[in-house]
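I opened my notebook to look up a few things in this structure, one entry at a time. Come along and follow each one in the viewer.

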Amino acid sequence: MSSKITVNKPGSFLLLNGDEAVARGAVEADLKVAAAYPGTPSTEILETLAQAAKTLGFYAEWSVNEIISAEVAAGASMTGARALVSMKHVGLNVASDAIMTLAYTGVEGGLVIVVCDDPALHSSQNEQDTRYFAIHSKLPLLDASNPQEALHMTREAFNISENLHLPVILRLTTRVAHGKAKVQIGDFQKLERNITFDKNSSRWVMVPANALRQHRVLEERLLEAKQIAENSQFNTIEYNNSEIGIIGSGVGYYYARSILDHSKFSWLKLGFVHPFPSKLVSEFASKVKHLIIIEELRPYIEENIQRLKLDAIGKTTLGLSEIGEYTPDRIREAFAKIGLTEKAPQTTVLDLPPRPPNLCPGCTHRAFYYALNSVHQHIVCDNNKCVGCKICEQKCSLEKEKIADPTKSRIKVINGTATTCRACINPLCIPTCPNNALSKSPQTGTILVDENKCIGCGTCSKSCQYNAINIDTTKRKTIICDTCQGNPACVKACPKHALTLVGQSNDKIVTGDIGCYTLGVMPPLNAIHSCLCMGAGISQAAGMIHAGIKEKIFTVLGDSTFFHAGMTGLLNIAYNKANVCVIILDNHITAMTGHQPTPASGKTAMGNDTKIVNIHEIAKSIGIDKIITVDPYNTKATTNAIREIINYDGPSVIISQRPCPLLLKQRETPYEITDKCGTCGVCTVNFGCPAITQTDNKAEIDPTLCNGCGVCQMICPHEAIRRKTQ
């Protein structure tokens with residue numbers, strides 16, 4: 001593999017985004033070890049480095065999570081090598097245990113911690129401001145405003161790190177990380193380093209006595225860092241006018257300069273922001289009458305200026321929130337509030353249809369969620385299609401009782417509309433039965449009738465709000481729809497395709513996790529009910545069980561997330577015997593962040609072959625006795641496996657195993673809809689494949705989107721879908 005950052009033409013220009021610029025800055029600084037875990041918007045840093053690693057002779061790896069990557073980089077630094085670790089802001093939470101103590105031990109070779117914040121949550125579950133972590137951890141922090149600065153800061157951060165013997169945090173935000181610019185590159189440094197390890201345990205072993213001493217050392221190093229910040233090349237002043245001075249950092253600084261006539265204002269750009277350069281700021285403030293502060297997300301600079309007892313116009317006066325990212329329009333609106341510019345012109349809002357995030361056509365996760373929702377099913381009737389012909393009643397009685405007698409049918413046509421048992425989550429018929437003859441099947445959700453107890457009294461029928469329960473007057477027994485074990489005769493018999501067998505998403509508890517599969521929360525699947533952080537779903541499910549939830553709880557996570565943070569949760573439920581089923585959606589890749597390899601893929605970040613880690617073997621070794629592997633495209637077998645697990649008491653695992661369809665080198669032949677289609681809505685309304693749309697007359701498959709997975713053909717109740725002929 002090769003990369004454009006390997007170009008050795010100092011002074012020339014490359015078109016780089018901020019992540020790529022960080023990677024270039026690192027290799028110019030003679031990087032030796034890089035480690036990361038994929039996480040947007042930081043992913044491309046390690047991707048770019050991995051592509052250049054073999055050419056330039058350094059090591060790069062995708063670690064299994066962020067704390068491991070931080071520890072790998074720390075270990076390299078301890079030998080005198082220069083190392084870099086990168087992550088997104090929530091990944092910093094995972095790595096924080098190591099990084100907090102790294103501030104005490106210090107480093108030998110330069111160690112740069114690149115963190116990409118995500119204002120406006122483009123791909124994250126929360127907004128964080130890493131500048132406050134720098135305060136918490138007592139580490140220096142540089143705040144990049146554009147790709148060019150990202151390169152320079154990365155390169156210089158290694159020098160600062162070695163001068164202070166401290167890790168240095170480099171912060172980017174999404175717009176800086178993903179924004180592209182013409183970046184001037186420098187030369188490749190070649191440092192002579194004796195890679196060795198100083199076995200001075202008093203420095204590296206943070207028992208209380210050593211840690212107390214090292215804390216004092218850290219405070220001394222912070223004082224040195226403050227002096228560097230006061231004179232940093234990344235903190236620049238431009239005096240133009242003594243009336244108003246604008247202090248800014250990050251991308252907001254350049255937005256402000258683009259909006260205002262910058263020659264009419266004085267400017268202080270802060271790039272080395274922690275420790276805070278208070279002398280420099282005070283000097284700037286003394287030269288202007290009014291200060292204005294522009295910064296994302298939280299008021300870090302503003303609060304430091306308040307500590308200096310300086311008056312400044314900040315977020316409150318400007319009307320700039322701590323929520324979301326800055327845009328030029330937002331900053332223009334803020335400046336208009338204080339009369340510095342005109343309001344942004346009203347833009348025409350286009351009435352475009354919403355485009356929520358969606359699972360891809362052919363996504364294995366969609367197929368699995370459909371199977372999960374199909375565990376408990378019931379029949380619904382489209383009132384707009386039903387003509388009250390009662391063919392469904394005839395077919396049902398023939399199927400079940402071998403006689404065409406509507407009084408013996410499990411489906412009834414009332415006022416021109418068919419109705420049958422809805423498999424209610426909390427059915428009223430069960431507790432109202434005086435003889436306890438009714439129960440609900442945990443496997444299928446259908447109502448079971450114990451004919452030895454039922455006397456046909458009709459109490460259950462009267463309690464049903466849907467009027468869906470019938471009484472066989474001959475046998476004097478209750479008869480209730482059982483969906484014909486998932487293949488109802490009435491659905492196929494309906495001439496207008498008014499009947500549909502649909503699944504349920506709110507009949508079970510499904511805790512979720514971070515990844516593509518989080519999109520299972522979106523309609524029409526609506527399949528997951530919680531999502532906290534990497535690996536949390538397993539432990540949340542365990543907590544629910546130990547709190548008193550009686551039924552089986554399912555939790556869903558991907559293969560990469562399983563390796564990242566799921567193995568410990570799985571061990572915990574095995575050890576503490578939580579009745580939780582862990583569903584591992586194994587698509588052989590870290591899909592959401594761009595198909596990075598996992599320990600199960602057999603490839604490293606640098607493209608080398610490696611051991612394929614077997615998820616089944618891991619689960620078994622952890623102590624899970626019940627493990628089922630399914631192909632999610634086989635929705636019937638998958639649903640049956642889930643039903644089997646429901647009846648199992650104890651921790652269990654289902655591995656849904658099929659590669660992400662985007663990994664296929666060539667798509668399968670697409671499918672098409674035949675004239676048998678009656679627009680029942682199973683493929684569109686219930687399954688929701690984005691390659692399938694529905695008109696008034698029939699569904700249609702877009703061959704340019706179809707991945708040829710064939711799930712739609714399997715679930716179509718009317719055999720109206722076939723593979724397209726060439």
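**Entry 1: a proline in a loop**

I started with Pro41, which I found in the loop between strand E2 (33-36) and helix H2 (43-56). A reminder to myself: this is a predicted model. Is Pro41 buried or exposed? Pro41 has a relative accessible area of 1%, and the cut-off for buried is under 20%, so Pro41 counts as buried.

Next I asked which residues Pro41 is in contact with, leaving aside neighbours within four places in sequence. I noted Asp19, Lys88, Cys116, Asp117, Asp118, Thr174, Ala177 and His178. I then looked at Cys116 again: Pro41 and Cys116 are 75 residues apart in sequence, yet their C-alpha atoms are 6.1 Å apart in space.

**Entry 2: the whole chain**

I stepped back to see the chain as a whole. I counted 25 helices and 30 strands in its secondary structure. Its C-alpha atoms fill a box of roughly 95 × 65 × 55 Å along the principal axes. Of the 726 residues in the chain, 56% are buried. I also checked the contacts with a separation of 6 or more: residues 24 or more positions apart account for 74% of them.

**Entry 3: helix H4**

I moved on to helix H4, residues 89-105. How far apart should its ends be? At 1.5 Å a residue, the 17 residues of H4 should span 24 Å, and I found the end C-alpha atoms 23 Å apart, which agrees. I did find a bend in H4, of about 65° at Ala95.

I listed the buried residues of H4 as well: His89, Val90, Gly91, Leu92, Ala95, Ala98, Ile99, Leu102, Ala103 and Thr105. Ala95 is thus both the place of the bend and one of the buried residues. What covers these buried residues includes helices H3 (66-78), H5 (130-137), H8 (201-204) and H9 (208-230), along with strands E4 (83-88) and E5 (111-117). Just after H4 comes Gly106, and its phi is positive, near 75°.

**Entry 4: helix H5 and its partner**

H5 had turned up in the cover of H4, and I followed H5 to helix H12 (residues 300-307). The two helices pack at an angle of about 50°, with their axes 10 Å apart. That angle makes H5 oblique to H12. Which residues meet here? I wrote down Arg131, Tyr132 and Ile135 from H5, and Tyr300, Ile301 and Glu303 from H12.

**Entry 5: a sheet of four strands**

I traced an open sheet of four strands, in the order E9-E11-E10-E13, with mixed pairing. Strands E9 (236-238) and E13 (290-294) are the edge strands, each pairing on one side only. On average, neighbouring strands of this sheet are turned by 15° against each other, direction ignored.

I looked closer at strand E10 (residues 244-248), which runs parallel to E13 and is joined to E13 by five bridges. Ile247 stands opposite Ile293 in E13.

**Entry 6: an alanine in helix H10**

My last stop was Ala256, in helix H10 (residues 250-259). Ala256 has a relative accessible area of 0% and is buried. Not counting residues up to four places away in sequence, Ala256 touches Trp267, Ile294, Ile331 and Phe335. I also checked Ala256 against Ala423: they are 167 residues apart along the chain, and their C-alpha atoms are separated by 59 Å.

Technical notes
Residues are numbered from 1 along each chain as its sequence is written. This is a predicted model: local features need pLDDT of at least 70, side-chain atom pairs count only at pLDDT 80 or more; totals for chains, interfaces and linings use all residues. Side-chain values use heavy atoms; hydrogens and water are left out. Two strands pair if DSSP finds at least two bridges between them. Axes are lines fitted to C-alpha atoms, for helices over the stretch in contact, and angles run from 0 to 180 degrees between N-to-C directions. The expected span of a helix is 1.5 Å times one less than its number of residues. The bend at a residue is the angle between axes fitted to the seven residues ending there and the seven starting there. Buried means under 20% relative accessible area, exposed over 50%, partly exposed in between (1.4 Å probe, protein chains only). Contact means heavy atoms within 4.5 Å. Angles under 35 degrees count as roughly parallel, over 145 as roughly antiparallel, 65 to 115 as roughly perpendicular and the rest as oblique.
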